[in-house]
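Dear colleague,

Please find below the structure that I am handing over to you. I would be grateful if you could read the notes beneath it alongside the coordinates.

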Amino acid sequence: MVGIRSYGGYIPRYRLNKMIVFGGMGWINPANIMNAQGEKAVANFDEDSVTMATAAAIDCVTGFGREEIGGVYFASTTSSYKERLCANLVAGALAADESIRTADFAGGLKAGTTALIAALDAVGAGSANNIVVSAADCRLGKMGSVQELMFGDGAGSVMVGDKDVIAEFKGSFSTGHDFVDHFRGSEAKYDRQWEERWIRDIGFGQFVPEAINGLCEKCGVAPADFAKIIYPCYYGGARKKINKTLGFEPDKVQDNMQAVVGDCGTAQPLMMLAKALDDAKPGDKLMVVSYGSGCDALYFEVTDNITRLAPRHSITGSLANRADLDNYIKYLVWRRMVPADTGLRGEEQKWTRWTLQWRTRKSILGMEASRCTKCGTQQFPPQRICVNPECGAVDEMEPVIVSDKGGKVFSFTSDMLAASANPPAMYGAVDINGGGRYVFDFTDCAIDDLAVGKAVDFSFRIKYYDAMRDITNYFWKAVPVAEEAE
Amino acid sequence: MKYVHLPLNEEMRSIGGYYKIFEEGVLDYEGRKVLYLLKGAHVETSCCGSGGVAYMNIPGYLTTWKSEKNDGGLDVSEVKRIRDSAAQKKIRKILSGKYPYISVIDFD
Amino acid sequence: MSEGIRDKVVILGMGCTRFGERWDDSPDDLAVEAFIECLEDAKIEKKELQASWLGSHIDEINIGKGGNFLGMALKLPLIPVTRVENFCASGTESFRGACYGVASGAYDIALAFGIEKLKDTGYGGLPDSPAFGQMQAAIGPNATAPGMFAQLATAYSARYDIPMDRVKEAMAHVSWKSHQNGAKNPRAHLRKPIPIEQITGAPMIAYPLGLFDCCGVSDGAACAIVTTPEIAKKIKPNEDLVKVKALQISVSSGEEALYTDWDGAGMLTTRKASSMAYEEAGIKDPRKEISMMEVHDCFSITELATMEDLHISEPGKGPDDVLDGFFDLDGQIPCQPDGGLKCFGHPIAASGLRMLYEMYSQLLGRWPEDRAVKDPKFGLTHNLGGVPNQNVCSIAILGRD
């Protein structure tokens, strides 16, 4: 039986109230008040598609050994590189073996499900197993645009395998249509879009039913058989029309989270699938449809194994973990949409040493530490000479991944001088659970969230962006564990 | 605790930079008077970097108002530090509303 | 059997420029200014110098690499110039080189120089550089010096269970005391006494360090000419001589940065280097025997913790001593009698030699009464570079026989 073995999801913590955006730009496009209800999820300045896909993938593999991962597929239309395989970055952060398949899927918003189908086909053919598919998007809309209000940032992930499957893959149907409702040229920063009516009526209105009907015919099922039908479409009116045309009962259509997250592009179908799985019961039939340059439609049936799956944050947990971003300009600066003055100091060379990045990739991407086999001291970064002053053994180390161990704050500060896109810069020494201490940046927190002894998790983030050379590099930061709500 | 009222809008220079007190205000809160100061600092030649801070600090509840003068001829009031975290939260919220561009509000 | 440096080297002369924003002066101008004073004080001719050690830290601007700068700016007669660098301890490091050169018997007279021309950078602060290596540049925290030293303060408060209010009160007194001293010093960058309420009222830069807890970027140079006691007695038969009693350096072992037993409340290197320095100098009770100190007050908390790390204040009692005035100019052990980094700023490699200049001048009774330490016997300098969890600490003790 081939299908979904595990799943995960990630929504960035910051939520920007759409009325604040409208407050800034409504003067140029007053009709946008129609789209200004609710809030959108906004990636922090140190997040992008790669970091979010990683967060979702890590969530996905909760309860599984990293050595089981047999492939990593990354899907996005907003990757941080045109050429540098980002699936390798996600795989590195997962501390997966390097002798596995890695691939990036891009080019259209259905790339997430395309990656999923490719993974299912590979596992089905027996040529790979336990492939982690992770899709993420961080799409931009120009200031004052409809897109700005409709898009959100997020990621969804699925692990495909043939053992203990929680949702069996029953079949898929795909279309490829060069229907250019929107596009982004190879040098462009923003999408360009055609008339909304055409997109709603001819695009969504035609292709989504086409895919759903195609799937049902191919697999000998009917829409009414499904517990949840999942498809992305942020035009409320078009959604209603599709639902009516296909005779969907309202509670059978998966909520697209438009008012709390926004449309996350490539990730959207997988995020909605993750939410559906959060709530699914054995026997539920799920249909997952994507839209963008054609459609994929997939049919899954949930099995008993879902009751035995280890709990994870997923979309339900991510929705609850929120903080207000009450400043629209901050969002614009974070997404590099407006020029902010970083001073002469900001122009200083930020060299990337690729030999170092390669040589230490396991520590940088995978947060691999070393543990002294003589005295048991865990230390990060890996050392050849044991840091324990009572030991000092040379070359008696074994590697140990610490990215998922978390730690405790040993010391911290809130620094108004350190240049930061989300000041104040907070950082401090963290005692890693199991041993070792290193100074990390703290993120996704306020100064009040930090205290000596506070528990932290590690999160894969953008470490720096070199604007002159267009290089994004990554490392781990520490995030205080959210307290139970008071 | 004694609070010395420093002059407003005057540069207080250190070797690394300077600061100014822009505003000295009193907030009525639950029957008591909270003294707050709006300050800005510019760090322009410190080894540690350059930058600054726009912030507010709260010496505490006023128990006397300019009740004496110090050796330098400056007015001195008595303040009681605000230690209760619930009160701190509420006061912070009120002042954030009045001064939305100030991101740091510290209690002495 | 090694004997240490005690009583093997005499400081024959010293020079120190005015520190500050020397916009109109090049590194050459600074070097010549310090050198002329030093040579005159030493009562020798330039051609008698046999070797030189040059300390400078910043490569990105400043005087360039290698030792050439000194030979060319001072027109030294083709003698060796060894450039040394050890973060902010570079000044003491150059002094060490010159002293060991003379003590070994390899040279009769040597020059130690520390210079930093930093104000050509173009923006506030030091030029950006991967000072801790490429790995830390790739994955280290987005940190500044005040942020790293601020953690010393919160760790100290937690370790000794001293309320942060009291720690801040002590820190403010440390700054106040230094500004009082620096106001009288013609060579200082900032020469203004600062009222205590201005210090306590300053905004926080990195909690709990405020604006007046941080030092500044300055240009400056200082130097020393050293020789053997025998040669010194020939050149200055009727004058008091200042002898080097101890020179010690300690560098972090990785324990503070990567292991979990360090309490974060002080510098292990300072504790080690000072113990070794006292042993080298034959000092058994530093609290009673040290007459005065110049320490690395890059931040007031550093000075506060250093009082304990130097084994002068009892652990946890630093604030008590500070607030009692123990380290004020008229206290038991005046600390920063020249105003320290707070008033001079920090031209990195010059600072260590500026500290020695102050101890040297005080030991010889050269200053007017309003800033003189009464009848000093031993002066200690403490010159620290890096950040609390990875640093180098150098200690020098000078004495007058």
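The notes below cover the contact between two chains, then a strand and a loop residue, and finally a helix.

This is a predicted model, in which local features need pLDDT of at least 70 and side-chain atom pairs count only at pLDDT 80 or more, while totals for chains, interfaces and linings use all residues. Residues are numbered from 1 along each chain as its sequence is written, chains are lettered from A and ligands numbered from 1 in the order in which they are written, and side-chain values use heavy atoms, with hydrogens and water left out.

**Chains B and C**

Chain B contributes 27 residues to the contact and chain C 34 residues (contact: heavy atoms within 4.5 Å). Together they bury about 2,200 Å², 64% of it on carbon and sulfur atoms (the accessible area, 1.4 Å probe, that two parts lose on being put together, summed over both). One salt bridge is counted between the two chains (a side-chain nitrogen of Lys or Arg within 4 Å of a carboxyl oxygen of Asp or Glu). It joins D165(C) to R83(B), with the closest N and O atoms 2.7 Å apart. On the side of chain B that touches chain C, the elements giving two or more residues are β2 (12-13), β3 (17-29), β4 (32-46) and β5 (49-69) of chain B (strands are DSSP runs of E, at least two residues, and helices runs of H or I, at least four, numbered from the N terminus). The largest share of that side, six residues, comes from β4(B).

**Strand β1 and T17 of chain C**

Seven of the seven residues of β1(C) are buried, so this strand is largely enclosed by the rest of the structure (buried: under 20% relative accessible area, 1.4 Å probe, protein chains only). β1(C) pairs in the antiparallel sense with β7 (residues 220-227) of chain C over six bridges (pairing requires at least two DSSP bridges between two strands); G13(C) has I225(C) as its bridge partner there. A second antiparallel pairing, over two bridges, links β1(C) with β8 (residues 242-251) of chain C.

T17(C) lies in the loop between β1 (10-16) and α1 (27-42) of chain C. T17(C) counts as buried because its relative accessibility is 0%. Leaving aside residues up to four places away in sequence, its contacts include R22(C), E33(C), R187(C) and G220(C).

**Helix α3 of chain A**

Helix α3 (residues 86-93) of chain A is mostly covered, with seven of its eight residues buried. These buried residues pack against several elements of chain A, among them α2 (49-60) and β22 (455-466). After α3(A) comes A95(A), whose phi is positive, near 55°.

Yours sincerely

How values were computed. Buried < 20%, exposed > 50% of the residue type's maximum accessible area, 1.4 Å probe, protein only.
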